Amino acid sequence: MTEYGRGPGSEPWHPGDPLYGDQGWEGQQQYPHPQQASQYGHGGQGYADPYGQGGHADQGYGGDPYQQQGQQYQQQGQQYQQAPQQYAEPQYPQQYQQAQQQYETGFPGSGYDTPGNPAQQYDGNWETGQAAMAYGAPPADPYGGQNPDLYNTPEAYPPPQPPGRRQQPPEPVVDWAPEEEAHPEPEEEKHPFFTGGDDEDDDHHEEPGRGRGSRDGDRERRSKAKKRKGKNGVACLVVALVLVGGVGGVGYFGYQFWQGEFGAAPDYAGSGSGDVQVEIPKAAGGYEIGNILKKAGVVKSVDAFVSAQQKNPKGLSIQAGVYTLKKEMSAESAVALMLNPASQANLIIPEGKRNAWVYEKLDERLDLKPGTTKEIALAKADSLGLPEWAKNHDDLKDPLEGFLFPASYPVAKGSKPEDALRKMVSRANQEYTKLDLNAKAKGLGVEGPWELLTVASLVQAEGKTHDDFRKMAEVVYNRLKPGNMETVQLLQFDSTLNYLKGQSEIKISEEEANTNTDPYNTYKHKGLPPGPIGNPGNEALAAMLNPTNDGWLYFVATDGMNKTEFAKTLAEHNRLKEKFNANTGQ
């Protein structure tokens, strides 16, 4: 017998035993499960004394553990007497080993500590109600393997629960706040956007059923509820502002879309004021032109200009070049002025003009001192884009002659002369490359593209019409032939002597023609002059490549101006000269 009387005899439990009544787990344990009671030598409902010496049982909460259920004890005692050997052998060796291991190692807080007895260990299986046997005690089965359901009665008390699963009794209603407890506040939104989930002091951190139970605690809870309501109001205000902003944005972009599709494009009124020059590049379309004009302050919007250009019947004929326009013009006025040749600030080089004429015009357009552009051209000729076949020729008057291609070029005030010259040379290269001069030179009896270009300049200078150009080209090629015994390879062109002297005279005296020894004097020197004498256009270039084949060898401008007649023999040529003298009073 132990000091509390827990022995094999019939002595009852001592009231001081922690296993007695409701004193386990710090006073919160209820009556143990029947199976646990059997393993620890005491029980609740259905306990039986295996030795027939009397027993006791707990029947429900608050029952007498020493006087109730006597009839069950007697019946079960007979069952135990019939199978005493059944309890002599361990029935649960595995559980026994686990209980022994738990006893040796021990789990803090998992048993009942009593004076002189170690804590009894449990395996934590609260679902089945099985408890580990005490160390050294033989296992016993008080039910003989039949496992009767002793809990299927109204008086049966539910099995004990572990401390973590126990429910605290509800807090009593305080008399000073009955309405708040009787009508609890509805559960609020838990999303952190509405509740301000960052707060570490909120009530949801407290354990259920562990309120402060004081007036101050309740006031704090109500204060926090008010704060959450305030946060809800702020959140609603933010959402409302976002919705209003979204509606406003949709309205704004909708208005912009309506304006772009159906509204009139922004535009100035009137013809503007002040002068501004704009340069329109080649192949520029309406939107590109509109952007250039808008950046220059001419028109107010690109759409206004495009609309005005489309409405004008000639609007799509606006060409590349430099235009002198006004600032803040209406789009309609800008289109009309660009179609007026007076607004164009381009430098147009006519076919056949010499370089000297081009230099003078550039000086005038750029407000430069006379001769400035010519000096730059001669000094920078090799850096302006000439092809290799146009370089390193002797006795040239101007290395750029023949390469300032006849066309319209934008020349805006403030630009540099070399920029305009570079554009002209680039255009000449493009045109000459198309003609494939290298491949066609030998077939025409000349050496390379340089001589072909020189022939074209002569054709341009002496011819007057398209038909004249092809006949003039044949005259040049026939006179250059080695077998020519009529002129003995002398071209005898007035145009070369005029180029030499920088003039354009119809009548050249024989004395001057026979005495001037300059290489450009084709009366004195056989063959072609050192280089081109002007800038041929497309018609002269085409005629140079496709001359007639009629045997023309002479020509005379019989009216002294525009009419040119051709002859094949010297006798025919002399008759044409007499006609010329008669028409000019010579």
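In this model, the side chains of E401 and Y499 are joined by a polar contact of 2.8 Å (N or O atoms within 3.5 Å, one able to donate a hydrogen and the other to accept it; residues adjacent in sequence count only through side-chain atoms on both sides). The model is predicted, with local features needing pLDDT of at least 70 and side-chain atom pairs pLDDT 80 or more, while totals for chains, interfaces and linings use all residues. Residues are numbered from 1 along each chain, and side-chain values use heavy atoms, without hydrogens and water.

E401 sits in the loop between α12 (372-379) and β4 (408-410). E401 is buried (under 20% relative accessible area, 1.4 Å probe, protein chains only) but has no salt bridge (side-chain nitrogen of Lys or Arg within 4 Å of a carboxyl oxygen of Asp or Glu). R354 is the nearest side chain of opposite charge, at 6.7 Å.

The table lists contacts (heavy atoms within 4.5 Å), without neighbours up to four places away in sequence.

| Residue | Contacts |
|---|---|
| E401 | K353, R354, N355, Y499, P532, I533, G534, N535 |
| I348 | W357, A407, S408 |
| M544 | L437, L444, L452, V455, A456, A473, Y477 |

I348 belongs to strand β3 (residues 346-348). Its C-alpha is 9.2 Å from that of V358, ten residues away in sequence.

The largest nonpolar core (buried Ala, Val, Leu, Ile, Met, Phe, Trp, Tyr and Cys joined through side-chain atoms within 4.5 Å) has 59 residues, of which F403, M424 and M544 touch the most other members. Elements giving two or more residues to this core include α13 (417-435) and α19 (538-545). Another core, of 19 residues, lies apart from it and includes V278 and M329.

Notes:
Buried < 20%, exposed > 50% of the residue type's maximum accessible area, 1.4 Å probe, protein only. Helix = DSSP H or I, 4+ residues; strand = E, 2+ residues; numbered from the N terminus. Lys, Arg positive; Asp, Glu negative; His and termini not counted.
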